[in-house]
Amino acid sequence: MTVLYQEKTNNIRMIRDVPLEKIRNIGVIAHIDAGKTTTTERMLYYTGRLYKLGEVDEGTATMDWMEQEQERGITIQAAATTCSWKDCRINVIDTPGHVDFTAEVERSLKVLDGAIVVFCGVGGVQPQSETVWRQADRYRVPRIAFVNKMDRVGANFLKVVKDMEDKLGAIAFPIQLPIGSEDDFRGVIDLIQMKAFLFDENEIDENFEEQPIPEGMLEEAKQFRHDLIEKLAEYNDELMDKYVHDKEMRDSEIHNAVRKAVINDMFVPILCGAAFKNKGVQMMLNAVCEYLPSPMDIPPVKGVHPETEHEIFRKTDDDEPFCGLCFKIVTDPYVGRLTYIRVYSGTIRKSTYVYNINRDEKERLSKIVRMHANKQEIIEASGAGDIVGVVGLKNSQTGDTLCEEDYPIILEKIHFPEPVVSMAIEPTTKMDQDKLGLALNKLQDEDPTFRVRYNNETGQTIISGMGELHLEVIIDRLSREFKVAAKTGTPQVAYKEKPTLEVRSEGKFIQQTGGRGQYGHVIIIIKPGDSGQGIEFKNKIVGGNIPREYIPAVKKGVEMSSKTGVLAGYPVIDTHVALIDGSFHEVDSSELAFEMAGSIALSEGLKRAKSILMEPIMKLEVIFPEEYTGDVIGDLNSRRGKIHNITQRGKLKVIEANAPLVQMFGYATAIRSLTQGRASYTMEPSHYAEVPSNIADKVIGK
């Protein structure tokens, strides 16, 4: 029988089928091919959301619903769904593992309360595992770890645990031990209950039974349980007291200590299994409900007042004023523009208005839906702690805050990496010109790491993204979804420019036109900044040489000018700009005049600051049979690669290196032919570095 929980809110009665403390908003994150989507499919099957198992390799996985995902066997778009386990409702987002689609992970982690990090039992902590772990650290997302593929040849549970400690610096410890590994993986030991669960290969539903711990593993299990309690006691005074005085501890006390440490992001429990063989998934679902936080357990969301800029906090409560964050936009073939939002406080109902504070306009919610991959379930209302899709928001963008007009708040925006690869695109026929423009705008709305710009000098439309695969998928979607045939040029690297000297620069914009004129005058200091900081603008004016209301205009002018450098027109990065002086006119000064003065000052200063050309450097991991070592190293050296580490993983060699992106185009084909198709590699953006002068001259066209 379904119990409805009534909560009075804003003169509306909010009807919930589960109380707030029983909701879990979680994501599944991992390196490519660690088994995220397979794990999610098994979770959906065991929670009764699916009646049959879908497989990634066969293109039948529910969460990989895009044609491109089914063909390539990879996740491209984060897919959301809802399922129930025991008495909890779990909102799950399955995220991509490929670095080209890292924006999907970034925006998902921003709105989630917890995460399952999946590790391959053979590969351990891989490059993208580190990236998603750092993303989860940035948003302080509590997580549990699931060591998958324990049935694969070369699986080593304890090596993965050590990897997590060494490579991630994680405070993590097993709460389960595997019984056997590789072909002999047949069960897990629960270190809290001190029970063994053995799996039956021939069953899918009731596929495990409780047994005593095997005799040969009892001592090892006791030692691990002792070490687990010792680790938890560091964060729990009651447990520490019992541990020091050697008192018996109840299972419930250890459970509570784990939950408290996980919610406070101090501890990561490690579980294990083999999702493809349906082993360990039910125990992982138990852990999600027992240890990961509900919306009630997370701190109130923090924002700022748009006028006073004072910090404001909103509790997860239906009685609070409404506030939510748009974190994803998709173009749905049936309902049009679908906006995913996380409701942090208050409630929303269909056919009502919400206020977008970033755009300063009200928009009507025509429909609210609960998502299941690409299918939708229409609901009447949504309350605090929910993740839902809404139809009707025509102008809202990713990262915008929705709230009540009388209770304004601006939530922190989502951080997205800058695109590193560009290419020219044009329609194959004149008739497709307008269709191409509309399609590119829709795709740019959906994906914050995809950019479109028009080059006035060449008359070309330039698209930019996170990698070759990213742009390949975009062009494929243009053809399939928007029916636009397009021709593309060869991929180009997104170079940047950076000053190397500190210079003082003056910018004046003075015009007299008979009536009211224009007057803006600024003096700035330009100097090299820290790596990865972009343009940092500081106002250091003391006194009123420039009125405060004109400072944002100066900043806007500096940022506008920084988009076109002086060497070859590339954007300027890693630069510190300080506004130190200037002057104004009582009548003629305006925001436009100071914007132009800021722009002129930066352009003039950069001409004397000896700018250098910067190129994106990629972090690379190549895994291959050791007999090809010489060929792979020789090829990397020819690509200006710098090898940092060579290790052995079973019979395979693993090379970690950095290499310029411009040299890595077509690497997939090259590494396949060098190793007869037996190598694999992963590549992700690392940092920007100076281009060698002989290559820079060619790029600049000297």
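In this predicted model, four strands come together as an open sheet, arranged in the order β9-β10-β11-β12 with antiparallel pairing. Strands of a sheet pair through backbone hydrogen bonds, and the pairing may be parallel or antiparallel. Here β9 (176-179) and β12 (208-211) stand at the edges with a single partner strand each, so one side of each has no neighbour in the sheet. On average, and ignoring direction, neighbouring strands of this sheet are turned by 25° against each other.

The sheet can be followed strand by strand. Four bridges link β9 and β10 in the antiparallel sense, and within this pair leucine 177 has isoleucine 189 of β10 as its bridge partner. β10 and β11 are likewise antiparallel and pair over four bridges; here valine 188 is matched with phenylalanine 197 of β11. These two strands form a hairpin with four residues between them, and methionine 194 in this hairpin takes a positive phi near 55°. Strand β11 (residues 195-199) is in turn joined to β12 by four bridges, again antiparallel, with alanine 196 facing its bridge partner glutamine 211 in β12.

Side chains are worth a look as well. In a regular strand they alternate between the two faces of the sheet. Strand β10 (residues 187-190) shows Gly187 and Ile189 pointing one way and Val188 and Asp190 the other way, and all of them are buried.

Burial is also the theme of helix α1 (residues 36-46). Eleven of its eleven residues are buried, so the helix is largely enclosed by the rest of the structure. Among the buried residues of α1 are the charged-group carriers Lys36, Glu41 and Arg42, together with Met43, Leu44, Tyr45 and Tyr46. The run Thr37, Thr38, Thr39 and Thr40 is buried too. After α1 comes glycine 48, which has a positive phi near 85°.

A further feature is the meeting of two helices, α6 (residues 218-233) and α7 (residues 237-244). Their axes come within 8 Å and cross at roughly 130°. An angle over 145 degrees would count as roughly antiparallel, and 65 to 115 as roughly perpendicular; α6 and α7 are therefore oblique to each other. The crossing of α6 past α7 is left-handed. On the α6 side, His226, Ile229, Glu230, Leu232 and Ala233 take part in the contact, and they meet Leu239, Met240 and Tyr243 of α7. Sorted by class, this contact has six nonpolar residues, one polar and one charged.

Terms used. Residues are numbered from 1 along each chain as its sequence is written. This is a predicted model: local features need pLDDT of at least 70, side-chain atom pairs count only at pLDDT 80 or more; totals for chains, interfaces and linings use all residues. Side-chain values use heavy atoms; hydrogens and water are left out. Two strands pair if DSSP finds at least two bridges between them. Axes are lines fitted to C-alpha atoms, for helices over the stretch in contact, and angles run from 0 to 180 degrees between N-to-C directions. Angles under 35 degrees count as roughly parallel, over 145 as roughly antiparallel, 65 to 115 as roughly perpendicular and the rest as oblique. A crossing is left-handed if the near helix is turned anticlockwise from the far one by less than a right angle, and right-handed if clockwise. Contact means heavy atoms within 4.5 Å. Buried means under 20% relative accessible area, exposed over 50%, partly exposed in between (1.4 Å probe, protein chains only).
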